[in-house]
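Before going further with this entry, please take a moment with the sequence and the structure shown here. The note is meant for someone meeting them for the first time.

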Amino acid sequence: MAKLFRAAIMGPPGSGKGTISRRIAQSFGLQYLSSGHYLRECIAANTEAGVLVKTYVERGMLVPDHVMTRLMLPRLEQVIGHSWLLDGFPRTLPQARELNNLCQLDMVINLTVPFETLKDRLSERWVHPASGRVYNMGFNPPLVEGRDDITGEPLIHHDDDKPEALMARLRIYKDVAKPVIDFYKSLGILHSFSGTDTDRIWPYINTVLTNKMDTPHSDARQTQTP
Ligand code: G5P
Ligand code: MG
């Protein structure tokens, strides 16, 4: 049986985690698990947990660690025999430690994108809530304005992409990401990719992943894209 591959992608809101994750999942056959998508599912179900979670997400605040690990770790147990990619989890050091107790990641992809670029992208983002497919009016517009390409259903703007929530998300990210980055650096599995264009970053990620999946040894590396 081929060796399983477990990876996570991190980066500030709008850095392209979802967009790049879908390319990785398609190109390398990894199962894709997005914390934001599961949280929105939970909110839509309007359960007690969903009502609580909503109060954080709509303000652009982080959902408490114990709620996140209770949501995400059982999902990972369900895909135990598969290779997977985590998007948006772990996001804090306690989450990273809890995950590490359950299983060790092979690679962490860290995206670095300038602040102004992030703001522009998110204000133009449209989402198909049922599938999590994302569009951007400039970068990847839907075939028909305001409609999902596959189902034709209406697209929406997330509440947390509105300006006040967005600024809060960007500020919080800066504070909590550094210890997580340092943690994965110390484990020797962090690969950072910088740039303003997903299409220019993607070939570098593709190459590193191709090499990683061929070689079981890991090494910490900073990959600066031009
Ligand atoms: P999410 O859903 O994980 P964020 O804030 O981490 O949300 P987000 O907003 O989903 O991140 P992304 O996935 O990094 O951004 O980016 P994306 O959606 O692929 O791309 C953004 C937009 O830019 C899209 O419209 C895309 O088409 C476009 N785009 C991509 N590349 C380019 C490009 O090269 N050029 C241009 N012009 N456009 C491009 O989490 C949401 C909330 O849930 C909670 C928090 O409250 C969080 O705020 N949460 C957690 N709380 C605690 N712990 C956790 N682990 C949590 N996970 C989620
Ligand atoms: Mg996302």
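The points below deal with the cores, one helix and the enclosed space of what is a predicted model.

1. The largest nonpolar core has 32 residues, and those that touch the most other members are W84, L86, L99, L105, V108 and Y184. At least two residues of this core come from each of β1 (6-10), α2 (35-45), α3 (48-57), α4 (65-78), β3 (84-87), α5 (93-102) and α7 (163-187).

2. Apart from this there is a second, separate core, which consists of 16 residues and has I9, L85, I201 and I205 among them.

3. L99 deserves a look of its own: once its neighbours within four places in sequence are set aside, L99 is in contact with L73, L76, L86, F89, P90, L105 and Y184.

4. In α5, the helix spanning 93-102, the buried residues are Q95, A96 and L99. These lie on the same side of α5, because the arc they cover around the axis is only 100°. The elements against which the buried residues of α5 pack are α4, β3 and α7.

5. How many cavities of 30 Å³ or more are there? The count comes to 1, and the volume of the largest cavity is about 40 Å³. Its lining is formed by M10, G11, K17, G88, P90, R91 and Y173, which by class gives 3 nonpolar, 2 polar and 2 charged residues. P90 thus appears in two places in this note, as a contact of L99 and in the lining of the largest cavity.

Key:
Residues are numbered from 1 along each chain as its sequence is written. Chains are lettered from A and ligands numbered from 1 in the order in which they are written. This is a predicted model: local features need pLDDT of at least 70, side-chain atom pairs count only at pLDDT 80 or more; totals for chains, interfaces and linings use all residues. Side-chain values use heavy atoms; hydrogens and water are left out. A nonpolar core is a set of buried Ala, Val, Leu, Ile, Met, Phe, Trp, Tyr and Cys residues joined through side-chain atoms within 4.5 Å. Buried means under 20% relative accessible area, exposed over 50%, partly exposed in between (1.4 Å probe, protein chains only). Helices (H or I, at least four residues) and strands (E, at least two) are DSSP runs, numbered from the N terminus. Contact means heavy atoms within 4.5 Å. The arc is that of the directions from the helix axis to the C-beta atoms. On a 1 Å grid over the protein atoms alone, a cavity is a set of points where a 1.4 Å probe fits but cannot get out, and a pocket is an open set with protein on both sides within 12 Å along at least five of seven lines; lining residues have an atom within 4 Å of a point. Grid points are joined across faces, edges and corners, and a volume is the space filled by probe spheres set on the points. Ala, Val, Leu, Ile, Met, Phe, Trp, Tyr, Cys and Pro count as nonpolar, Asp, Glu, Lys and Arg as charged, and the others, Gly among them, as polar.
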